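Trainee: Before we begin, could you put the sequence and the structure in front of us, so that I can ask about them step by step?
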Amino acid sequence: MPAATDPIDLIAFGAEPDAAWRRAALDAGFAWHSAADIAALHAALQRNGNGVCGVLLDLRDVDDAGALQALAGELAAPRLRSLSVQRSDMATSGALFELALRYCVDSLVEPVSTTVLKLALDSLHRRLRLLGEARQRSAPAGALGAAGGFGGLLGQSRPMLRLFSELEKVAAADVPVFIAGETGVGKELAARAIHELSPRRGQPFVAINCGSIQPHLLQSELFGYEKGAFTGASQRRIGRIEAAAGGTLLLDEIGDLPADAQAGLLRFLQEGRIDRLGGTTSIAVDVRVLSATHVDLEQAQRSGQFRTDLYHRLCVVEIDVPPLRARGDDIVLLADTVLLRHGGAPPRRIVGFTDAALHALRAHDWPGNVRELINRVRRAIVMCEGTRIDAADLGLNAPADGEVAATSLEQVRDQAIGRAINLALERNQHMVVRAADELGVSRATLYRLMERHGIPPESRHRA
Ligand SMILES: Nc1ncnc2c1ncn2[C@@H]1O[C@H](COP(=O)(O)OP(=O)(O)OP(=O)(O)O)[C@@H](O)[C@H]1O
Ligand SMILES: [Mg+2]
């Protein structure tokens with residue numbers, strides 16, 4: 001892993017950009033390499049090893065579908081960040097455009113001014129440096145090294161790579177971020193990753209679970225109190241917001257915040273100041289606010305349970321953490337990781353999963369997401385009598401072909417469709433056009449089905 005001052009490799013793929021590009025890249029702190037075709041790109045990436053690496057992608061030279069697929073395969077590596085360049089008169093095909101959208105952090109159209117070029121290269125360099133630091137911090141020990149964690153979040157599937165890129169983007173901007181996702185998907189880990197990647201790392205990260213604190217204690221927990229503010233307040237106590245000063249505050253389960261606490265929080269978000277209970281002066285506090293909940297806040301607003309003005313303050317940017325069932329082979333990666341961490345101790349050494357168990361892991365719907373998976377594998381480690389964990393040890397029935405735990409044929413059909421869509425998207429790098437082709441439906445139909453099954457289209461940007 002390079003030190004902060006080591007140059008980061010930048011591979012220019014395709015036609016060699018003019019000398020000004022190379023000079024600007026060197027100035028930004030990159031070491032310049034070029035690769036005329038996919039084979040050369042592959043070789044350059046091999047030489048780069050396992051460190052972070054930038055790719056400057058000239059879209060002119062990718063014309064056939066095979067090359068496109070090979071390129072997408074290379075660019076998907078979590079250690080890469082790419083920048084694309086195209087000429088303004090170039091007719092970009094839909095697939096090329098989608099590739100640039102999916103894998104490039106920025107897309108420049110020539111002619112590019114020196115200022116824009118410098119900004120883009122500086123920004124790419126900064127992202128790669130942060131990524132290198134995050135990888136270094138989260139590098140799991142020993143056999144898990146290949147798993148490639150991102151701030152503690154493991155995953156290599158498209159939806160997770162997309163998430164990592166979004167986390168990286170929002171970390172750099174000091175705006176409130178709302179993290180949505182089903183229970184147990186890793187919302188708190190995502191919040192910690194934002195803090196660790198942001199300029200506020202090294203300062204406090206304070207998480208408060210708004211749902212688990214008694215409503216009448218919430219105000220004093222959040223804002224603190226002065227001595228004598230109420231019976232029993234024998235000395236001053238600072239609240240969680242003040243405790244996070246300079247750093248990041250995660251308001252977890254924000255959907256459970258009672259109405260009066262919502263009003264107090266809104267005042268703090270608008271003014272950046274808090275009043276300790278019983279205090280006479282307000283105090284300025286600089287904290288970045290992240291929030292998370294598995295409650296549907298839009299619905300909560302409609303039913304009057306959540307203030308719309310507070311929602312808009314908290315939700316400048318929304319990040320959706322994908323459900324586990326949409327993460328393809330990450331399910332097995334996570335299960336293996338839990339097993340390696342908890343299950344390898346002799347004398348009852350467990351070496352892996354039976355085929356039926358792997359089948360069951362992939363077929364299960366995971367309503368409790370990663371938390372459920374961790375619990376099931378840990379339970380299986382205790383229950384397993386052989387050297388391989390079986391479906392029954394996981395408390396999952398190995399599904400016979402087509403057998404799914406559901407109560408009506410309609411549900412069986414629905415679950416099978418949802419699963420087929422997730423798998424097709426995963427196989428096709430989340431390119432909806434291709435997945436639709438494979439499934440034999442139109443793109444519009446696939447979008448409709450995805451919406452019905454709660455599968456987020458990957459190219460959706462809310463930031
Ligand atoms: N991608 C991941 N890689 C490794 N561990 C993960 C991942 N996602 C979640 N976990 C683990 O799963 C558990 C649940 O994660 P977390 O508490 O962040 O979820 P959450 O979305 O905040 O859940 P809840 O809605 O219940 O608050 C934690 O033990 C966390 O470490
Ligand atoms: Mg949580």
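Trainee: Which helices each supply at least two residues of the shell around ligand 1?

Mentor: Please keep in mind throughout that this is a predicted model. Within it, two helices, one covering residues 187-197 and the other residues 369-383, each give at least two residues to the shell around the ligand. The helices you asked for are H7 and H15.

Trainee: Between which domains does ligand 1 lie, and why?

Mentor: The reasoning rests on where the shell residues come from: residues 158-320 form one domain and residues 324-389 another, and both of them give residues to the shell. Because both contribute, ligand 1 lies between domain 2 and domain 3.

Trainee: Which residues come nearest to ligand 1, and which of the backbone atoms in its surroundings lies 2.8 Å from a nitrogen atom of the ligand?

Mentor: There are 17 residues around ligand 1, and those that come nearest are Leu154, Thr183, Gly184, Lys187 and Arg371. By class, the shell holds eight nonpolar, four polar and five charged residues. As for the 2.8 Å distance to a ligand nitrogen, it belongs to a backbone N or O atom of leucine 154.

Trainee: How much of the accessible area of ligand 1 does the protein cover?

Mentor: Polar atoms approach the ligand's oxygen atoms too: a backbone N or O atom of valine 185 lies 3.3 Å from an oxygen atom of ligand 1, and a polar side-chain atom of glutamate 253 lies 3.4 Å from an oxygen atom of the ligand. On its own, ligand 1 has 640 Å² of accessible area, and the share of this that the protein covers is 80%.

Trainee: Is glutamate 253 buried or exposed, and what is its phi?

Mentor: Glutamate 253 sits in the loop between strand E10 (248-252) and helix H10 (259-271). Its relative accessible area is 15%, and since buried means under 20%, glutamate 253 is buried. Most residues other than glycine have a negative phi. Glutamate 253, in contrast, has a positive phi, near 50°.

Trainee: Which asparagine has a positive phi although it is not a glycine, and what is the value?

Mentor: The residue is found in helix H15, a helix that supplies at least two residues of the ligand shell. Asparagine 369 counts as buried, because its relative accessibility is 0%. The residue you want is therefore asparagine 369, with a phi of about 55°.

Trainee: Which peptide bond is cis?

Mentor: Most peptide bonds are trans. One bond with omega near 0° leads into proline 111, a residue placed in the loop between strand E5 (104-110) and helix H5 (114-138). The cis bond is the one from glutamate 110 to proline 111.

Trainee: Why can the buried residues of H1 be said to lie on the same side of the helix?

Mentor: In helix H1, residues 19-28, the buried residues are Trp21, Ala24, Ala25 and Ala28. They lie on the same side of H1 because the arc they cover around the axis is only 100°. The face turned away from that buried side carries the exposed residues Ala19, Arg23 and Asp27. After the helix comes a residue with a positive phi, near 105°, namely glycine 29.

Trainee: What arc do the buried residues of H3 cover around the axis?

Mentor: The buried residues of H3, a helix of residues 65-75, are Ala67, Leu68, Leu71, Ala72, Glu74 and Leu75. They are on the same side of H3, while the face turned away from the buried side carries the exposed residues Ala65 and Gly73. The arc of the buried residues is only 160°.

Trainee: With which side chain does the side chain of arginine 200 make a polar contact?

Mentor: Arginine 200 is found in the loop between H7 and strand E7 (205-209). With a relative accessible area of 9%, arginine 200 is buried. Its side chain makes a polar contact, at 2.8 Å, with the side chain of aspartate 286.

Trainee: How far apart in space are phenylalanine 13 and leucine 41?

Mentor: Phenylalanine 13 is placed in strand E1, residues 8-13, and counts as buried at 2% relative accessibility. In sequence, phenylalanine 13 and leucine 41 are 28 residues apart. Their separation in space, C-alpha to C-alpha, is 6.6 Å.

Note on methods:
Residues numbered from 1 in each chain as written. Chains lettered and ligands numbered in written order. Predicted model: local features only at pLDDT ≥ 70, side-chain atom pairs only at ≥ 80, totals over all residues. Heavy atoms only, no water. Near = heavy atom within 4 Å. Polar contact = N/O pair within 3.5 Å; in protein donor to acceptor, adjacent residues only side chain to side chain. Areas by Shrake-Rupley, 256 points an atom, 1.4 Å probe, with all protein chains shown as cover. Helix = DSSP H or I, 4+ residues; strand = E, 2+ residues; numbered from the N terminus. Nonpolar A, V, L, I, M, F, W, Y, C, P; charged D, E, K, R; others polar. Domains from an automatic or database assignment. Buried < 20%, exposed > 50% of the residue type's maximum accessible area, 1.4 Å probe, protein only. Arc of directions from axis to C-beta.
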